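Reader: Got a model to look at. Can you walk me through it?

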Amino acid sequence: MTDARATRLDAARLLDRVEEFADLLIDTVDGGASVGFLAPLDRADAVAWWRERAQGVAAGRLAVWAAEDADRVLGTVGLAFADKPNSRHRAELVKLMVHRDARGKGLGRALLTLAEEAAAAAGVTLLHLDTETDSPAEHLYRATGWTGAGVIPDYAASPSGVLRPTTLYYKHITVG
C-alpha cells in the first residue's frame, strides 16, 4: 500500500476536507467509474453531495473513512447503516473510491478491509453493495471474498451516459 493513512471522519472533519473529497469524486467520475454521477461532474455539485454526506455522518447513519497522504485525500470508503429494526445486522458498502494516480498500490483493498473490520466491530454481520458489472471494482470484490448475488441489466448509466449492468454482492462478516 502507499504511505497513506486512513482515518474515520466525523462530520466536522469531513466538512473541513470537502474540497478534497470533491476533487476525488470528480477524478473518479472522469476516470469512468460508475458511482452515481454523469461526466463532466460540476464541482459545485460534487461539493454539495459531500456536504450532504456530512449530515449522515453526524446522525450516525453513515461512516466515512479517508485515506490521505501529507498532501491530499487519495481514497475513501463508507458504510451506510440500516435504519430499520429488522436490518440492523447489515450495512451497505458505499463509494469506495481511489484517485486514479494512487491506484494499483493496494489502497482500494486496504480501504475495503478497513470497512469490513469496522463493520464487524460495530456488530454488523452482513455487508452488501452494487457495482458496475465487469468493472475494476468488481474484480476487487471477487478477489476479496465477496459473493455475487445477481446481475441487473441496464441498472445505471456510466459517466458517459451508457446504461450498464450492475452486479449485487454480499459478504458475511465474522463479529468478534
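Reader: Surface first. How much area does the protein expose?
Author: About 8,800 Å², with 51% of it supplied by carbon and sulfur atoms. Areas are Shrake-Rupley values with a 1.4 Å probe, and for residues only the protein chains shown count as cover. This is a predicted model: local features need pLDDT of at least 70, side-chain atom pairs count only at pLDDT 80 or more, and totals for chains, interfaces and linings use all residues. Residues are numbered from 1 along each chain as its sequence is written, and side-chain values use heavy atoms, without hydrogens and water.

Reader: What share counts as buried?
Author: 44% of the 176 residues. Buried means under 20% relative accessible area (1.4 Å probe, protein chains only).

Reader: And the fold? Which pattern does the sequence follow?
Author: β-α-α-α-β-β-β-α-β-α-β-β. That is five helices and seven strands, taken as DSSP runs (helices H or I, at least four residues; strands E, at least two) and numbered from the N terminus.

Reader: Now the inside. Which residues have the most contacts in the largest nonpolar core?
Author: Leu79, Leu93, Leu107, Leu127 and Trp146, in a core of 27 residues. Such a core is a set of buried Ala, Val, Leu, Ile, Met, Phe, Trp, Tyr and Cys residues joined through side-chain atoms within 4.5 Å.

Reader: Which element gives the largest share?
Author: H4, with seven residues. Apart from this core lies another, of 25 residues, including Leu9 and Val57.

Reader: Last one. What are the overall spans?
Author: About 35 × 35 × 30 Å for the C-alpha trace, along its principal axes.

Note on methods:
Buried < 20%, exposed > 50% of the residue type's maximum accessible area, 1.4 Å probe, protein only.
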